[in-house]
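Colleague: Let's go through this model by its packing. I will ask, you reason from the coordinates.

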Amino acid sequence: MKALSFLRRTSGRMAGALSLALAITSAATAQAPAQATDPNVDSIAASARLSEAFDALEAAGFTGIVGLSLDGETVLMRGAGEADPQTGRLFGPDTQVDIASITKSYTGMLAAQLISDGTLSADLRLADVFHDVPADKADITLHQLLTHAAGLPGGVGDDLVDEDFDTFRANAFAAPLRFEPGTAYYYSNVGFSLAAAIIERATGQTYETLLRDRLAAAGIRDTGYQAVHDTRRSVHLRDGRDVSEASWGGHPPNWNLIGNGGLVSTAPDMLAWRQAWSAGELISPEARDFGQTPFQDEGGGASYYGYGLVVEDDPELGRIYWHNGGSAHFNAHWRELADHGLILFVATNQRHLNADRVVDVLTAAWFDRPWQVAPATPPADASVKLPDTPAARLVHDYLAALAADAAARQAFIEARFTPALLAAAPLQEHLALFEQIAADLTDHRLAAFQSDEAQVRIAVFAPALGRTIELVFDTPDPQTRQIAGLQLG
């Protein structure tokens, strides 16, 4: 994840309890604001601007939940659209959402406390914990796992399969390193799951039990995995699947998720959690400060990774802490503007106005800066008919694979990718990209098709994105039309 400065969109990564009695619908209004810490911001006027911005977001197609707090008091809590399209249930403060990679913020928080109180050491090596770790990974430290500096791949398995920790560990230990541990940065779900396993071994508790016990001390009770999931409150897909089915595979989350993704939470829980963490009430102030240290340059010196969160110093807004997360179906973003006492949380089940973009708009509205929300682009009137040519058959097979299951996608990759493209990344990374494109192109409509000797180009209207996107396949052999590269416009 690359952190960007004020009002520039962030890239996605492949969440004293507040009152739950607040009525929240697509027509709800903002709560009365508290007095702002920042004397340069008129909080009453800012609250009105937030409502105006939210109205514009909703009109442009945003569906999801938004929460903002100022100095610990809620100033905005609104939902838009249907959390369950099959029943018509609307997004509200009790809607359980998948916070995806924001889970890493919880893991980092727990680890910072355990290191601060001496239960764990940041210098603890994998070889100190696991007897079967291979030599190339033996000296990877807990600190490196928590800052994406271990050299581990992004993933080594499927989030939806039913497999145990031993399978995950074997896959993680067998995966080739991307670089020598400690020498670079690469965002890794694997590293955080291994960190969660280390936390379990050090405490003798499951990750979820330890987390829920810690959160309960601050009155935060709607965040967790199976122990809190309720299908009656969960966000659902249009096909009826809830978070447990769409994100976990219909069974307990496996170790491709635990510690790095897949937690469910609510907007009130997320605001209360970050407020208590930031105030040094959920973990000690010493642990908070340690975990929020800007340890690892993400690239270019603009943002740094602490323990499960990004640390950024914006020239206009000062110190910012944040993390986002996304899956094939859901995305979320929390952000604290520490110098202003402002905390934001957004979660959504669509991608046209994703959580990153909504956070940008609401931040701009709060500080009375320019913002603009583009409505979804209407689709083309008719789909393009494909001719009977090798290039067209490639497109047909590709779009069919997008709509199929993981096995069909893997078969397409193995049959249609050139050996060089196959070798460019692990199969799981190819599949993860395929899954992301499939989510973006749900209910797509083919709007254009062109081909020449070396390339195949298509334009596809994507309702989930609200626009038409272009895909370019590099196919150096016009007869086989094997894919040597793929570009998304």
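Colleague: How are α11 and α14 oriented to each other, and at what angle do they pack?
Modeller: This is a predicted model. Angles from 65 to 115 degrees count as roughly perpendicular. α11 (residues 390-402) and α14 (residues 427-440) have axes 9 Å apart. The two helices are therefore roughly perpendicular, at an angle of about 90°.

Colleague: Which residues make that contact, and how many are nonpolar?
Modeller: α11 contributes Y398, A401 and L402. From α14 come F434, I437 and A438. The contact has no polar and no charged residues. The nonpolar count is six.

Colleague: L394 is also in α11. Is L394 buried or exposed?
Modeller: Buried means under 20% relative accessible area. Beyond four places in sequence, L394 touches F412, R416, V456, F473, T475, R481 and I483. Its relative accessibility is 0%, so L394 counts as buried.

Colleague: How far apart in space are L394 and Q482?
Modeller: In sequence they are 88 residues apart. C-alpha to C-alpha, the distance is 8.3 Å.

Colleague: Which helix gives the largest share of the largest nonpolar core?
Modeller: That core has 114 residues. Y106, L145, W273, F345 and L362 have the most contacts inside it. The largest share is eight residues, from helix α5 (residues 189-203).

Colleague: How many residues are in the second core?
Modeller: This core is separate. Its members include A401, V460, L465 and F473. A401 also belongs to the contact of α11 with α14. The second core has 28 residues.

Colleague: Back to Y106. Which residue of α8 with the most contacts inside the largest core does Y106 touch?
Modeller: Beyond four places in sequence, the residues touching Y106 include I99, Y207, L211, M270 and W273. M270 and W273 are both buried in α8. Among the residues with the most contacts inside the largest core is W273.

Colleague: What is the distance between the end C-alpha atoms of α8, and what should the helix span?
Modeller: α8 (residues 267-278) has twelve residues. At 1.5 Å a residue, they should span 16 Å. The distance between the ends agrees with that: 17 Å.

Colleague: How many residues of α8 are buried, and which residue with positive phi follows the helix?
Modeller: α8 is mostly covered, with ten of its twelve residues buried. Among them are A267, P268, W273 and W277. The phi near 75° after α8 belongs to G280.

Colleague: T141 lies in a loop between α2 and α3. What is its relative accessible area?
Modeller: Past its neighbours within four places in sequence, T141 contacts A122, D123, L124 and R125. The cut-off for buried is under 20%. T141 is buried, at 14%.

Definitions and conventions:
Residues numbered from 1 in each chain as written. Predicted model: local features only at pLDDT ≥ 70, side-chain atom pairs only at ≥ 80, totals over all residues. Heavy atoms only, no water. Axes fitted to C-alpha atoms, helices over the stretch in contact; angles between N-to-C directions. Helix = DSSP H or I, 4+ residues; strand = E, 2+ residues; numbered from the N terminus. Parallel < 35°, antiparallel > 145°, perpendicular 65-115°, else oblique. Contact = heavy atoms within 4.5 Å. Nonpolar A, V, L, I, M, F, W, Y, C, P; charged D, E, K, R; others polar. Core = buried A, V, L, I, M, F, W, Y, C linked by side-chain atoms within 4.5 Å. Buried < 20%, exposed > 50% of the residue type's maximum accessible area, 1.4 Å probe, protein only. Expected span 1.5 Å × (residues − 1).
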